[in-house]
Each structure stands twice: as structure tokens, then as C-alpha cells.
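Welcome! Have a look at the sequence and the model, and then we can work through a few questions together.

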Amino acid sequence: MAFHWRTTEPTGWGTGWLSGLLGAILGLLGLGAVLCFRFPDWLTVPEARALYPVPLVRVVLHAVLVSGFLLGVLSLTLRRNKALGTVAVAATLVAALLGGSQVPLDDELQAGPFLGLDWFLLNLIVYSAVFVPLERWFARLPAQPLFRDTWPTDFAYFFVSAILVQVTTLVTLRPAMLFFDWARLPAVQGWVQGLPWIAQFLLMVIVSDLTQYWVHRAFHSVPFLWRFHAVHHSAEQMDWLAGSRLHLVDIAVTRGLTYVPIYVLGFTEGPLVAYLIFVSAQATFIHANVRFEWRWLQWVLATPRYHHWHHAAEPEAVDSNFAVHLPLLDVLFGTAYLPERWPSAYGIAHGSRAPRGYLRQFFWPFRRG
Ligand SMILES: [Zn+2]
Ligand SMILES: [Zn+2]
């Protein structure tokens with residue numbers, strides 16, 4: 001019997017590793033969902049509450065908890081290292097003690113400060129369901145494991161920015177509303193709202209990437225801002241999770257400013273929601289460890305190889321490819337760089353390294369002299 005977090009035993013079929021891992025993931029997801037039921041006031045997004053198909057969620061939750069528990073027990077019997085199996089069994093037991101899939105749901109909810117635990121769980125389920133298989137089947141670097149060296153740090157970024165969704169939404173929307181109300185001209189907004197859905201969407205991609213381009217470029221060229229953005233560039237392995245590594249100040253400034261033209265132009269809700277889904281999916285995709293090149297598309301829409309060059313540690317690639325959506329902006333402003341090959345290494349050029357861990361990286365920009 002042993003208990004340690006480092007994997008030293010074999011991980012092949014029949015070793016209890018996969019069952020332990022799956023059991024732990026299901027157990028923790030299930031526990032998270034039960035906590036959302038138990039404390040919906042504090043842990044769920046008010047706008048999303050009415051949209052959940054609660055009876056269906058309960059059925060799925062029941063299956064998740066039962067299979068998490070059984071897989072945990074299987075891992076405990078097969079494997080000498082009991083860490084994963086214990087997490088799986090403990091998480092499902094705590095979830096059961098809190099009421100399991102039959103946990104009562106209080107209907108009288110108040111709107112106040114909340115953490116987006118439901119938002120985090122949904123993001124985790126959707127993004128890992130899409131990107132984990134994609135990176136396995138179409139890996140650009142097949143030897144790079146899912147649980148690579150610094151994955152806990154990036155996972156912490158993924159967790160924090162989802163759970164703080166109320167804060168990140170507020171810092172995105174508020175500055176525009178506070179300072180740019182005067183710029184909302186009814187004539188302009190009327191024209192924008194009269195445009196067909198797809199035209200609004202394309203216009204939003206163009207204006208937001210144009211803003212994003214210059215904000216991003218400022219983050220690279222103003223030394224004080226670079227301190228915060230260097231955190232994003234400190235990832236030395238690229239995958240879908242590495243894209244989450246963004247300092248909260250970087251998120252607040254970039255999103256806050258990018259939202260200004262969207263707010264001023266007054267787009268309708270449908271295209272706006274479509275754009276939000278598009279930007280988060282594309283921003284994740286361009287960091288992924290996937291080998292798609294799509295050269296026919298590479299100057300129209302940023303592809304993984306395009307943004308991987310933005311993260312390259314090679315000196316000739318520094319300060320290039322700022323666009324998130326439209327590479328033509330980099331061509332127009334003279335910052336495009338896209339050789340035939342993929343970068344040989346990622347990270348901050350000139351060998352500078354970020355400290356490890358979310359909290360150390362949070363304070364890093366404030367500390368450097
Ligand atoms: Zn950058
Ligand atoms: Zn990036």
C-alpha cells in the first residue's frame with residue numbers, strides 16, 4: 001500500500017491507473033455538481049440557473065457518482081498507489097453525504113455575489129471532451145502528455161477565470177458602460193442593428209480584433225504591461241489548457257478595452273453571443289497541441305501554427321502575430337511571421353522564466369524591479 005501524487009507505477013491497461021484517474025475525475029465533477037445544487041446562491045451563475053434541465057442533470061449526476069465510486073474501488077484493488085482511488089471514493093462519498101443526486105434544491109434564490117462553479121464544470125466538460133481527443137488523434141507533438149509538467153498551474157488559471165466569471169464579466173462590461181456611454185449614437189446603432197446577423201458577426205470580429213491587436217501590441221511594447229503579459233508567454237508547452245494562462249490584469253485590460261467598440265456599436269444579442277462562443281473556442285484552439293495547418297485558411301483566420309509562432313522562443317519570432325482572429329492585421333501593420341515549419345521551442349525569448357504556480361505568477365509582475 002502506498003499513497004503519493006507522483007506516478008511511478010506503470011499506467012497501462014489493468015494497472016488501475018485509468019480507472020483511478022477516471023474515477024477521480026468523475027468523483028470530483030459529481031462533487032462539484034452536488035455543491036452547486038446545495039449552494040446555488042453562491043456557486044451558480046444566476047442567468048444560467050433557469051436553463052438547466054434539472055431532472056436530466058440528476059440522472060446523469062447519479063450515473064457519474066456511481067461510476068466514479070466503482071472505478072475508484074477498482075483502482076484501489078488493482079493499484080499499489082492508492083492516491084487516485086482514494087480521491088475517487090472520497091469525493092463520491094462526500095457527494096453522497098451532501099445528498100448525492102437527490103440533493104434538495106432551494107427555489108428561493110437571491111442575486112448577489114457568486115462563484116461560477118457550474119460555469120467551471122461546464123467549461124471543463126465541454127473543452128476537455130473536444131480537445132483531449134483532438135490532441136490525442138491529431139497531436140503536433142505526440143510525445144507531449146496530457147498531464148504535462150506545468151498542467152496544475154494552467155489548470156489553476158482555467159479554474160480561477162471560470163469561477164470568477166462574475167468578476168471577469170464585470171471588469172469586461174463596466175469600463176465601457178462608465179466611460180463610453182456618450183459614444184453610443186442612435187443613428188450608428190440603428191444602422192448596425194439593421195445589418196443581417198452574419199454581417200454583424202463579421203463586423204464584430206473585425207472591430208474587436210483591431211482593438212485586440214493594438215492592446216496586445218501595447219502589452220508587448222510597454223515594459224510595465226509586458227510584466228503581466230509575460231505570464232501568458234511563460235508557458236513552455238503548448239496545448240488547449242496553456243491558453244488559459246493569463247494574468248487577471250491582462251484579462252481585465254484586454255477584455256475591457258476590446259468590449260468598448262462592441263458596446264459603442266450596439267450589436268444585437270444573437271451575434272454577440274455567437275461572437276463570445278467563437279472567440280473562446282478559437283482562442284483555445286490556436287493554443288492546442290494539434291497539427292492542423294489548413295494553409296488555405298492561414299491568412300484568413302488565425303490557425304494553431306500562426307499563434308504557436310507568437311509563443312515561439314526563437315528570437316526572430318519575438319513580437320509577431322498579435323492578431324487573435326485576423327492574420328491580415330499583422331500583414332497590414334508589418335508584424336506577421338509565418339515560416340514553413342513549426343517553432344522549435346516555446347516560452348519567453350532570451351531565457352527569462354516565470355516562477356511556478358498560480359499565486360507566484362500572480363505576484364510576479366508586481367515584484368520584478
Ligand atoms: Zn502576446
Ligand atoms: Zn497565446
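The questions below look at the metal sites of this predicted model.

Q: Which residues coordinate the zinc ion (ligand 1)?
A: Let's start with the spacing of the donor residues along the sequence, which reads H-x3-H-x8-H-x3-H-x76-H. Each donor gives its NE2 atom, at 2.1 to 2.2 Å from the ion. The residues are His 216, His 220, His 229, His 233 and His 310.

Q: How many residues apart in sequence are the parts that His 216 and His 310 tie together?
A: Both of these residues coordinate the zinc ion (ligand 1). His 216 sits in helix 10 (residues 197–221), while His 310 belongs to helix 14 (residues 304–310), so the pair links parts of the chain whose separation in sequence is 94 residues.

Q: Is the site of the zinc ion (ligand 2) tetrahedral or irregular?
A: This ion has His 232, His 287, His 307 and His 311 as its protein donors, through NE2 atoms 2.1 Å away. To count as tetrahedral, four donors need all angles between 85 and 135 degrees. Here the angles among the 4 donor atoms run from 92 to 157°, and the site is irregular.

Q: Is His 311 buried or exposed?
A: His 311 lies in the loop between helix 14 and helix 15 (327–332). A residue is called buried under 20% relative accessible area. With a relative accessibility of 1%, His 311 is buried.

Q: What distance separates the zinc ion (ligand 1) from the zinc ion (ligand 2)?
A: One donor of the zinc ion (ligand 1) is His 233, and one donor of the zinc ion (ligand 2) is His 232. The separation between the two ions is 5.9 Å.

Note on methods:
Residues numbered from 1 in each chain as written. Chains lettered and ligands numbered in written order. Predicted model: local features only at pLDDT ≥ 70, side-chain atom pairs only at ≥ 80, totals over all residues. Heavy atoms only, no water. Donors = N, O, S within 2.8 Å, 3.2 Å for Na, K, Ca; no water. Helix = DSSP H or I, 4+ residues; strand = E, 2+ residues; numbered from the N terminus. Tetrahedral: all angles 85-135°; square planar, octahedral: opposite > 155°, others 65-115°. Buried < 20%, exposed > 50% of the residue type's maximum accessible area, 1.4 Å probe, protein only.
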